Amino acid sequence: MQKNIVIIGGGFAGLNLAKKLGGHPAFQVTLVDKNNYHFFPPLIYQVATGFLEPSAISYPFRKLFANKSNLHYRYGTLKKVIPEERRIITNKGDLTYDYLVFACGATTNYFGNENIRKNAIPMKTLSDAISMRNTLLMRMEQATVSKDPEEIEMLLTLVVAGGGPTGVEISGMFAEMKQGILRKDYPELQGRAGGIYLVDGGDYVLSPMSEKSQLHTTKSLKKLGVNLVMNTHVDDFANDKVVLSGGTVIPAKNLIWAAGVTAKIFDGIPAECYGRGKRMLVDEFNQVIGLQGIYAIGDTCLLTTDAEFPQGHPQVAQVAIQQGINLAKNFNNLQQGKPLKPFRYKDKGSMAIIGSNKAVADLPNPKLHFNGFIAWLVWLFIHLMSLVTYRNRASTLWSWMIAYFSKDQSLRMIIRPAEEDVS
């Protein structure tokens with residue numbers, strides 16, 4: 001008898017689970033997502049800065065599932081889980097399940113600060129990236145017509161909160177753009193002030209990576225003109241003022257928030273099922289502890305039975321991908337009466353790009369560090385091959401080639417829904 005598997009979320013975890021179950025006669029799989037497309041989060045900052053089109057890093061679920069008759073997509077948002085009935089309620093209707101899998105990732109964490117939530121620019125979704133591109137381009141246009149030097153400085157000043165890969169990559173990208181592309185596009189702003197500040201609570205940027213990567217990145221960012229503000233948090237952002245934990249105030253209209261993520265809480269899942277960061281507590285097979293037939297994978301789960309990661313796994317793409325693949329194997333094992341395979345994460349390394357020809361990469365086995373041009377090439381190759389379709393890879397490679405050889409690109413366009421205010 002076929003089993004109904006409902007997957008909530010089509011990120012790395014959910015999509016890899018669905019793809020591995022595609023074509024399997026024992027399962028009918030329904031993926032529920034509020035977007036009708038899968039996208040590649042590590043490259044959304046390149047959409048935000050106009051180096052890639054949104055379609056280069058995204059692809060519709062229905063196209064991905066077209067040749068698998070047992071894979072289905074449901075456009076919607078989860079509202080409630082009723083475990084005792086094995087049923088979920090979405091804003092588009094109800095679904096029943098034999099197995100329910102939460103693969104909904106994480107959302108931006110503002111740490112309870114409403115001013116930051118309302119005023120900062122998030123960097124989590126494709127919609128965030130498009131909104132950020134529109135906002136920053138509008139600020140540039142406003143600066144070209146302003147007669148007030150203080151207002152121009154605030155319009156051009158960029159504060160990035162969070163020194164992880166996203167914060168480093170967006171800071172480096174804007175620093176290079178400021179030195180080259182923006183000088184050509186905005187001759188009216190020649191000689192105008194406006195700095196780039198990267199704020200982080202640690203001693204160095206890229207805290208999970210090796211000391212060599214941290215030091216190389218610090219040196220490279222400073223050389224690009226990025227102001228590093230370490231051992232400091234952003235406490236508030238209101239009235240065009242970024243307030244830091246030490247009391248320093250940076251006049252700026254632009255705060256990009258890349259400082260952290262948190263998982264989501266769902267109606268119908270008991271409070272005792274959640275752990276640190278609102279992540280669902282799961283056993284070694286990714287089943288939510290205390291609930292039958294309900295699983296969680298990727299950023300939304302906290303698995304502490306992996307001996308190498310007793311505090312849980314990092315919320316990165318490789319964990320999500322591997323958990324999705326492992327759970328698909330375990331669903332097959334369940335159907336065949338075979339023993340289940342506990343999840344063990346295989347760390348494939350970490351990397352971050354700083355700018356053109358500049359990146360850092362750490363490989364765990366053997367323990368190696370790369371930086372500069374070689375690391376940059378590795379970063380390009382890994383991210384290119386991680387895109388979901390050949391079409392995505394071809395489009396992205398073409399855009400990168402144009403940007404690399406021309407030192408420019410032509411995607412700096414303000415595109416908004418018709419109802420948005422154009423003033």
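Leaving aside its neighbours within four places in sequence, which residues is Thr30 in contact with? Keep in mind that you're looking at a predicted model. In it, Thr30 touches Ile5, Val6, Ile7, His72, Arg74 and Leu95. To find Thr30 yourself, go to strand 2, which covers residues 27-33. Is Thr30 buried or exposed? Its relative accessibility is 16%, and anything under 20% is called buried, so Thr30 counts as buried.

Next, follow the chain along to helix 5, which runs over residues 126-145. This helix has 20 residues, and from its first C-alpha to its last it reaches 30 Å. At 1.5 Å a residue you'd expect 28 Å, so the value here is close to that. Which residues of helix 5 are buried? Starting from the front, there are Leu126, Asp128 and Ala129, then Met132, Arg133 and Asn134. Carry on and you meet Leu136, Leu137, Met138 and Met140, with Ala143 and Thr144 finishing the list. Here's a handy idea to hold against that list: an α-helix has 3.6 residues a turn, so residues three or four places apart point the same way.

Now for some backbone angles. Most residues other than glycine have a negative phi. Arg86 goes the other way, with a positive phi near 50°. You'll find Arg86 in the loop that links strand 6 (78-82) to strand 7 (87-90). Because its relative accessibility is 30%, Arg86 counts as partly exposed. Lys278 is another residue with a positive phi, near 65° in this case. Lys278 also sits in a loop, between strand 19 (261-262) and strand 20 (280-282). With 40% relative accessibility, Lys278 counts as partly exposed too.

Last stop: the cysteines. How many disulfides does a search of the whole structure find? The count is zero. Take Cys104 and ask why its sulfur isn't bonded to the closest cysteine sulfur. That closest sulfur belongs to Cys301 and is 10 Å away, which is too far for a bond. A disulfide would need the two sulfur atoms within 2.5 Å. Look from the other end and the story fits: Cys301 is in no disulfide, and its nearest cysteine sulfur is the one in Cys104. Are these two cysteines buried or exposed? Cys104 counts as buried, at 15% relative accessibility, and Cys301 is buried as well, with a relative accessible area of 2%.

Note on methods. Residues are numbered from 1 along each chain as its sequence is written. This is a predicted model: local features need pLDDT of at least 70, side-chain atom pairs count only at pLDDT 80 or more; totals for chains, interfaces and linings use all residues. Side-chain values use heavy atoms; hydrogens and water are left out. Helices (H or I, at least four residues) and strands (E, at least two) are DSSP runs, numbered from the N terminus. Buried means under 20% relative accessible area, exposed over 50%, partly exposed in between (1.4 Å probe, protein chains only). Contact means heavy atoms within 4.5 Å.
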